[in-house]
Amino acid sequence: MTASAQAVEMVQIAARAADAKGGEDLVAIDVSGPLPLIDVFLLVSGRSERNVAAIADEIEDQLLEAGHKRLRREGRTESRWVLLDFGDLVVHVFHEQERVFYGLERLWKDCPVVPIDITTPAAASAE
């Protein structure tokens, strides 16, 4: 299987939101093969707990505004690893240290990467 068009669209919205709040090292992994209920993991790093919280909040706000329903959120209180579950897309916003420690990229290294385009739609059409 491959990620659905909706999941890829959600990744782009979430990636632009993360980038707007200083999210770093964005990686989208197509996990639809091994995980039939989820299409894509988006991994994002923040430099501090406040940054992680701001990134997670902006991603959630932008996906909700685009009409996508959040199913679950975990880790917002500590803001070291915030998980946002939107069904087809699960976003992991990590503090830099947690990202290195848990190494999700290493665990899912056999899965394909989904290209991320963080240019805004308006900027892309102006080119």
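## A quick tour of the fold

Right after helix α1 comes Gly 22, a residue with a positive phi, near 90°. Keep in mind that this is a predicted model. Its strands make an open sheet of six, in the order β3-β4-β5-β2-β1-β6, and the pairing is mixed. At the edges sit β3 (72–74) and β6 (113–114), each of which pairs on one side only.

**Helices on the sheet**

- Helix α1 (residues 5–20) lies across β1 (24–30), β2 (40–46), β5 (89–95) and β6, and it runs at about 5° to β2.
- Helix α2 (residues 49–65) packs on the sheet too, where it touches β2, β3, β4 and β5, and its direction makes about 160° with that of β5.
- With 16 residues, α1 reaches 23 Å from first C-alpha to last, close to the 22 Å expected at 1.5 Å a residue.
- Plenty of α1 is tucked away: its buried residues include Ala 7, Met 10, Val 11, Ile 13 and Ala 14, and Gln 12 is buried as well.
- The cover over those buried α1 residues includes β1, β2, α2 and β5.

**How the strands pair**

- β2 and β5 are parallel partners, joined over seven bridges, and Val 40 stands opposite Leu 89 in β5.
- On to β4 and β5: these two run antiparallel, with five bridges between them. One example is Asp 85, whose bridge partner in β5 is Val 90.
- β4 and β5 also form a hairpin with three residues in between, and Gly 87 in that turn has a positive phi of about 80°.
- Out at the edge, β3 pairs with β4 (residues 81–85) in the antiparallel sense over three bridges. Here Arg 73 has Leu 84 in β4 as its bridge partner.

**Strand β5 and His 92**

- β5 is mostly covered, with seven of its seven residues buried.
- That goes for both faces: Leu 89, Val 91, Val 93 and His 95 are on one side, while Val 90, His 92 and Phe 94 are on the other.
- His 92 belongs to β5, and it counts as buried because its relative accessibility is 5%, below the 20% cut-off.
- Leaving out residues up to four places away in sequence, His 92 touches Phe 41, Leu 42, Leu 43, Val 44, Trp 81, Val 82, Leu 83 and Leu 104.

**Aromatic pairs**

- The count of aromatic pairs comes to four.
- One of them is Phe 41 with Trp 108, an edge-to-face pair with 5.5 Å from centre to centre and 85° between the planes.
- Phe 41 sits in strand β2 and Trp 108 in the loop between α4 (104–107) and β6, so this pair ties together parts 67 residues apart in sequence.
- Phe 41 is buried, at a relative accessible area of 8%.
- Phe 101 and Tyr 102 are edge-to-face as well, because their ring planes stand at 90°, with the centres 4.9 Å apart.
- Is Phe 101 buried or exposed? It counts as exposed, at 63% relative accessibility, whereas Tyr 102 is partly exposed, with a relative accessible area of 38%.
- Ring pairs also join Trp 81, Phe 94, Phe 101 and Tyr 102 into a cluster.

Key: Residues are numbered from 1 along each chain as its sequence is written. This is a predicted model: local features need pLDDT of at least 70, side-chain atom pairs count only at pLDDT 80 or more; totals for chains, interfaces and linings use all residues. Side-chain values use heavy atoms; hydrogens and water are left out. Two strands pair if DSSP finds at least two bridges between them. Helices (H or I, at least four residues) and strands (E, at least two) are DSSP runs, numbered from the N terminus. Contact means heavy atoms within 4.5 Å. Axes are lines fitted to C-alpha atoms, for helices over the stretch in contact, and angles run from 0 to 180 degrees between N-to-C directions. The expected span of a helix is 1.5 Å times one less than its number of residues. Buried means under 20% relative accessible area, exposed over 50%, partly exposed in between (1.4 Å probe, protein chains only). Rings of Phe, Tyr and Trp (its six-membered ring) pair if their centres lie within 6.5 Å; planes under 30 degrees apart count as stacked, over 60 as edge-to-face and the rest as tilted.
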